[in-house]
Amino acid sequence: MRYLCSGESHGPQLTAIIEGVPAGLLLTEEMINKDLKLRQQGYGRGDRMKIESDQVQITSGVRHGMTLGSPITLVIKNKDNKNWSEVMAIEPIPSLEYDIKKVPRPGHADLVGAMKYGHRDLRNVLERSSARETAIRVAVGAVAKQILAALGIEVLSHVLQIGKVSIGETHLSFDEIKEAIQDSPVRCVDPIVSAKMCAHIDDAKKQGDSVGGIVQVLAKNVPPALGTYVQFDRKLDAKIAAAFIGVQSVKGVYFGDAMLSSSSFGSEVHDQIAYDQGFIRTSNHYGGFEGGMTNGMPLVVHAMIKPIPTLYQPLNSIHIETKKVEKSMIERSDSCVVPAAGIVLESVLAMELAREILEEFGSNQMSNLVEAMNRHRQAMRDF
Ligand SMILES: Cc1cc2nc3c(=O)[nH]c(=O)nc-3n(C[C@H](O)[C@H](O)[C@H](O)COP(=O)(O)O)c2cc1C
Ligand SMILES: C=C(O[C@@H]1CC(C(=O)O)=C[C@@H](OP(=O)(O)O)[C@H]1O)C(=O)O
């Protein structure tokens, strides 16, 4: 399964084409839209989210709610495009005068992107580097989630830390976490910490500042032996780490209790092997991976997210023509996107897992894939 995305932040639409989704998967726009809605929520989002109400349009590869096995095309319209139709016009508008962006934001792609592609208007960079693009990736991930759901696998994200407010680790189960975050505007399991996180975001916003944080992404019911140890670039944890870093503002990835294990004795953290109708581990400090392969324990992946680069109290920068010091540009911005990034990272994890499963059990039809997975699970239990 492979996919390609396109679209500028204030252009007419975002598009994705996914190839390799087996035929016979139940898929409707509504199944995708619920994730698009979640990505738009989360305390700390800016005014753009009041304009957009993301809805996907499936324009190929699906008929009567069922995938055909042909490429699936997904489209999300940018509602804000109507406010930028001239600035973002595809055809030249010679007489148009508009604000050309010249003062790059520290922490954003503006300066290096312009240097790389030779742009003198930083808008030519920011339009594509923008995390607006994550909307269509969430749509793609929702398709992957449907494949996983048919195989009994589910993913979930929740927030462990926002700026300086941290919940530490939680010992709740997957289903308990799902329940506990329902009413939290920051997807945090503890209501008291959740309120502190919101207050911390408010404080940052009042100061014209921004905050980052840490998200935990989980997958349950993943069978053992996905991925392989035989070649570095085929290790599944390595593929997931690369895909996580591919999400805007994710600066670190770690599996399980990596922070703790790096400062512990081996005897304290290695997950001991036991047998109970199949091999199990008595703990899950390594987040479900050994040697680049899943070991049958739940997957536990963490993403460390930096604070948003655009600041309402801007930092110093340099005008790219005058080379003089100026405050960096600002139009409009989120102040915290940690909960939203969690939804994006769920999609990314779902995509990597679905892709790996299809590579391992390759199938054109969902029913054959389900059978192959059931056989694999049985073989793993019988080992
Ligand atoms: C969902 C989401 C929304 C974001 N919104 C903003 C924003 O409003 N303003 C901003 O400057 N950066 C925002 N970012 C982060 C930038 O897109 C990102 O920092 C930038 O593209 C540079 O990439 P890097 O941080 O991965 O190096 C957002 C990131 C995500 C995941
Ligand atoms: C549009 C989205 O996020 C955008 C990501 C983003 C950035 O620089 O990454 C900058 C902001 O864009 P704008 O200036 O249009 O408000 C965010 O709103 C979205 O998440 O759908």
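User: Contact means heavy atoms within 4.5 Å. Which residues does Arg-132 touch, not counting residues up to four places away in sequence?

Analyst: This is a predicted model, where local features need pLDDT of at least 70, side-chain atom pairs count only at pLDDT 80 or more, and totals for chains, interfaces and linings use all residues, while side-chain values use heavy atoms, without hydrogens and water. Residues are numbered from 1 along each chain as its sequence is written, with chains lettered from A and ligands numbered from 1 in the order written. Beyond four places in sequence, Arg-132 touches Ser-9, Leu-14, Arg-39, Arg-48, Glu-52, Asp-54, Ile-76, Lys-77 and Asn-78.

User: Where does Arg-132 lie?

Analyst: Helices (H or I, at least four residues) and strands (E, at least two) are DSSP runs, numbered from the N terminus. Arg-132 sits in the loop between α4 (123-129) and α5 (134-150).

User: Why does Arg-132 count as buried?

Analyst: Buried means under 20% relative accessible area, exposed over 50%, partly exposed in between (1.4 Å probe, protein chains only). Arg-132 counts as buried because its relative accessibility is 4%.

User: Which side chain makes a polar contact with the side chain of Arg-132?

Analyst: A polar contact is a pair of N or O atoms within 3.5 Å; within protein, one must be able to donate a hydrogen and the other to accept it, and residues adjacent in sequence count only if both atoms are side-chain atoms. For the side chain of Arg-132, the distance is 2.8 Å. The partner is the side chain of Asp-54.

User: How much of the accessible area of ligand 2 does the protein cover?

Analyst: The residues around ligand 2 (a heavy atom within 4 Å) include His-10, Arg-48, His-108, Arg-132 and Asp-334. Polar side-chain atoms lie 2.7 Å from a ligand 2 oxygen for His-10, 2.8 Å for His-108 and 2.8 Å for Arg-132. Alone, ligand 2 has 470 Å² of accessible area (Shrake-Rupley, 1.4 Å probe), and the protein covers 89%.

User: How many residues surround ligand 1?

Analyst: The closest are Ser-249, Lys-306, Thr-310, Ser-333 and Asp-334. The full count is 16 residues.

User: What share of the area that ligand 1 exposes alone does the protein bury?

Analyst: Oxygen atoms of ligand 1 lie 2.9 Å from a polar backbone atom of Ser-249 and 2.8 Å from a side-chain N or O atom of Lys-306. A nitrogen of ligand 1 is 2.9 Å from a side-chain N or O atom of Ser-333. Taken alone, ligand 1 exposes 630 Å², of which the protein buries 87%.

User: Is Ser-333 buried or exposed?

Analyst: Ser-333 lies in the loop between β17 (325-327) and α11 (338-361). Beyond four places in sequence, Ser-333 touches Gly-46, Ile-308, Thr-310 and Tyr-312. Its relative accessible area is 13%, so Ser-333 is buried.

User: Which residue has its backbone nitrogen 3.0 Å from a polar atom of the side chain of Asp-121?

Analyst: Asp-121 is in the loop between α3 (110-117) and α4. Farther than four places along the sequence, Asp-121 touches Tyr-98, Ile-100 and Lys-101. The backbone nitrogen in question belongs to Arg-123.

User: How far apart in space are Asp-121 and Tyr-229, C-alpha to C-alpha?

Analyst: Asp-121 counts as buried because its relative accessibility is 9%. In sequence, Asp-121 and Tyr-229 are 108 residues apart. In space, C-alpha to C-alpha, the distance is 46 Å.
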